[in-house]
Amino acid sequence: MELEERELTLEEAFEKLEETIEKLQAEDITLEDSFKEYKQGMEILKYCSDKIDRVEKKVLKIEGNGELNEF
Amino acid sequence: MQNVYTVSQVNSYIKNMFTQDFMLQSLYVKGEVSNCKYHSSGHIYFTLKDQKGTISCVMFAGNRSGLVFRMEEGQQIVVGGTVDVYERDGKYQLYARQITLDGIGLLYEKFDMLKKDLEERGMFAACYKQPIPRYIRTLGVVTAATGAAVRDIINIVSRRNPYVQIILYPAIVQGEQAAASIVNGIRALEYLGVDVMIVGRGGGSIEDLWAFNEEIVAQAIFDCQIPIISAVGHETDTTIADFVADLRAPTPSAAAELAVYEYGQYEALLLEYRDTLDGLLKYKMNWYKNRLDNIGLKLKYLSPANQIREKRTYSLKLEEQMENAMEAILVKKRHFLEVYIEKMKGLSPLDKLRQGFSYVSDEEGKTVSSVESVEEGSLLRVHVQNGIITAKALGKERVEWN
């Protein structure tokens with residue numbers, strides 16, 4: 001999927017989700033296409049979830065020599 | 001009798017004393033501006049005062065090059081000039097050649113000049129403002145490592161989104177080295193590639209905040225490729241950094257709120273999207289399922305098996321109708337039969353016998369209905385109502401009854 005090619009920002013990912021939803025809402029979408037869109041939507045959602053590194057961060061401080069240490 | 005002088009003589013004498021005084025010819029006087037009037041002639045009249053006294057001052061239009069700012073009431077200024085006597089009024093005045101702002105006043109003057117300069121160079125223009133990304137992962141902070149600002153920022157960021165990495169550049173934010181330190185901080189964090197930067201410090205006097213009014217800081221903020229949120233002092237403090245930054249926050253806390261999105265809301269948004277996607281697909285599938293059911297039903301109706309069943313049902317119905325019709329006919333016929341039976345009863349020979357008629361047969365039981373069938377002397381059986389009489393034919397005679 002194209003997501004890997006270029007890193008989407010979350011804003012762009014959300015925009016893509018909106019588009020996907022719009023397509024799914026269309027009356028004339030085929031069942032195959034709706035599966036495809038749904039799959040893509042789920043992948044974007046997963047991407048959004050993965051993009052956030054859900055580890056609580058310690059504040060880092062730049063030292064004089066450019067090293068990063070815990071604040 | 002003492003000497004008597006004219007007013008002019010006295011004033012002239014005093015003026016002469018002033019003129020001969022070396023110090024009064026060139027001196028600097030500091031005080032607060034009051035009663036300042038810019039006259040249409042170009043002269044400026046004002047009073048300089050301190051807690052204990054006042055002195056009238058005038059700056060003639062010809063000396064206006066010695067004043068580079070607009071004098072206003074309450075300003076602390078230093079006036080360089082001459083103290084001389086105005087003979088007509090018998091008053092001494094300070095004739096100003098040069099006026100500068102004193103202390104804080106000087107800072108304000110510098111602030112205004114730099115602001116004007118940078119504004120003219122377009123450094124505050126909206127077209128250079130970079131948008132603050134909505135979802136960031138790393139936040140750079142240039143501020144003092146000790147102090148309320150960094151604590152406020154850390155508190156708010158960890159409350160809103162603990163998954164955002166804060167990188168602090170511990171800057172000197174006050175004093176001689178502050179401006180250079182802030183510039184280094186901005187460059188270091190830009191080099192590290194944070195998503196957004198907060199540059200600022202807590203509240204203080206204009207001198208405390210001065211580093212944020214230095215041109216090198218403004219230039220560093222302007223040059224930085226990463227969006228910068230300025231957060232200097234309190235809401236009422238405005239610095240050059242605020243004008244040149246991509247976004248101005250009234251306080252460090254507010255800057256943290258502007259920089260970091262709330263994780264809970266983001267998560268809720270993701271869930272909402274997921275539910276919408278699920279809902280839409282379910283709806284779609286239901287729609288297709290219903291359609292399939294409908295078509296299946298139609299097809300079933302048209303199937304050969306159904307056709308046969310249909311025909312069979314029809315034939316059964318016809319059969320039943322036929323049986324019913326037959327039954328009806330039988331009932332009707334039976335009824336007729338009963339009617340005939342009744343009629344037949346009326347025609348029974350027994351009734352005739354009761355009325356006195358008899359029925360005659362020969363000995364073998366054959367009915368005797370004509371003269372020819374009886375021989376004279378033969379025996380006859382006469383059937384009456386309650387028995388049979390045996391008789392002998394004694395004679396016979398043919399008679400035409402009609």
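**Exercise 1. Determine how helix α1 of chain A and helix α9 of chain B are placed relative to each other, given that their axes come within 10 Å and cross at roughly 20°.**

Solution. The structure is a predicted model.

Step 1. Locate the helices. Helix α1 of chain A covers residues 10-25, and α9 of chain B covers residues 263-302.

Step 2. Classify the angle. Angles under 35 degrees count as roughly parallel. The crossing is at roughly 20°, and α1(A) and α9(B) are therefore roughly parallel to each other.

Step 3. State the handedness. The crossing of α1(A) with α9(B) is left-handed.

Step 4. List the residues that meet. From α1(A) come A:L17, A:I21, A:L24 and A:Q25; from α9(B) come B:Y273, B:T276, B:L277, B:L280, B:L281 and B:K284. Sorted by class, this contact holds 7 nonpolar, 2 polar and 1 charged residues.

**Exercise 2. Describe the side of chain B that touches chain A.**

Solution.

Step 1. Count the residues in contact. Chain B has 25 residues in contact with 27 residues of chain A.

Step 2. Identify the contributing elements. Both β7 and α9 of chain B supply at least two residues each to this side. The greatest contribution is that of α9(B), with 9 residues.

Step 3. Divide the residues by class. On this side of chain B there are 19 nonpolar, 2 polar and 4 charged residues.

**Exercise 3. Establish the strand order of the open sheet of 7 strands, and identify its edges.**

Solution.

Step 1. Write the order. The strands follow one another as β2(A)-β1(A)-β7(B)-β6(B)-β8(B)-β9(B)-β10(B), and the pairing is mixed.

Step 2. Find the edges. Strand β2 (68-70) of chain A and strand β10 (247-248) of chain B each pair on one side only, and these are the edge strands.

Step 3. Examine the pairing between the chains. Strands β1(A) and β7(B) run parallel and are joined by 2 bridges. Within this pairing, A:K61 has B:L168 as its bridge partner.

Step 4. Examine a pairing within chain B. Strands β6 (residues 138-143) and β8 (residues 196-201) of chain B also run parallel, with 4 bridges between them. Here B:V142 stands opposite B:V199.

Step 5. Add the helices. Helix α8 (residues 252-259) of chain B packs on the sheet and touches β6, β8, β9 and β10 of chain B; its direction makes about 175° with that of β8(B). Helix α5 (residues 178-192) of chain B lies across β1 of chain A and β6, β7 and β8 of chain B, at about 170° to β6(B).

**Exercise 4. Analyse the packing of α5(B) with helix α6 of chain B.**

Solution.

Step 1. Two packed helices are described by the angle between their axes and the distance between the axes. For α5(B) and α6(B) (residues 215-223), the angle is about 10° and the axes are 8 Å apart.

Step 2. Such an angle makes α5(B) roughly parallel to α6(B).

Step 3. In α5(B), B:A179, B:I182, B:V183, B:I186 and B:R187 meet B:I216, B:V217, B:A220 and B:I221 in α6(B). This contact has 8 nonpolar, no polar and 1 charged residues.

**Exercise 5. Decide whether B:S56 is buried, exposed or partly exposed.**

Solution.

Step 1. Place the residue. B:S56 belongs to strand β3 (residues 54-59) of chain B.

Step 2. Apply the cut-offs. A residue with 20 or more other C-beta atoms within 10 Å is buried, and one with 12 or fewer is exposed. B:S56 has 15, so B:S56 is partly exposed.

Step 3. Name the contacts. Neighbours within four places in sequence aside, B:S56 is in contact with B:T47, B:K91 and B:Q93. B:Y95 lies 39 residues from B:S56 in sequence, and their C-alpha atoms are 8.8 Å apart.

Conventions
Residues are numbered from 1 along each chain as its sequence is written. Chains are lettered from A and ligands numbered from 1 in the order in which they are written. This is a predicted model: local features need pLDDT of at least 70, side-chain atom pairs count only at pLDDT 80 or more; totals for chains, interfaces and linings use all residues. Two strands pair if DSSP finds at least two bridges between them. Two residues are in contact if their C-beta atoms, placed from the backbone, lie within 7 Å. Axes are lines fitted to C-alpha atoms, for helices over the stretch in contact, and angles run from 0 to 180 degrees between N-to-C directions. Ala, Val, Leu, Ile, Met, Phe, Trp, Tyr, Cys and Pro count as nonpolar, Asp, Glu, Lys and Arg as charged, and the others, Gly among them, as polar. Angles under 35 degrees count as roughly parallel, over 145 as roughly antiparallel, 65 to 115 as roughly perpendicular and the rest as oblique. A crossing is left-handed if the near helix is turned anticlockwise from the far one by less than a right angle, and right-handed if clockwise.
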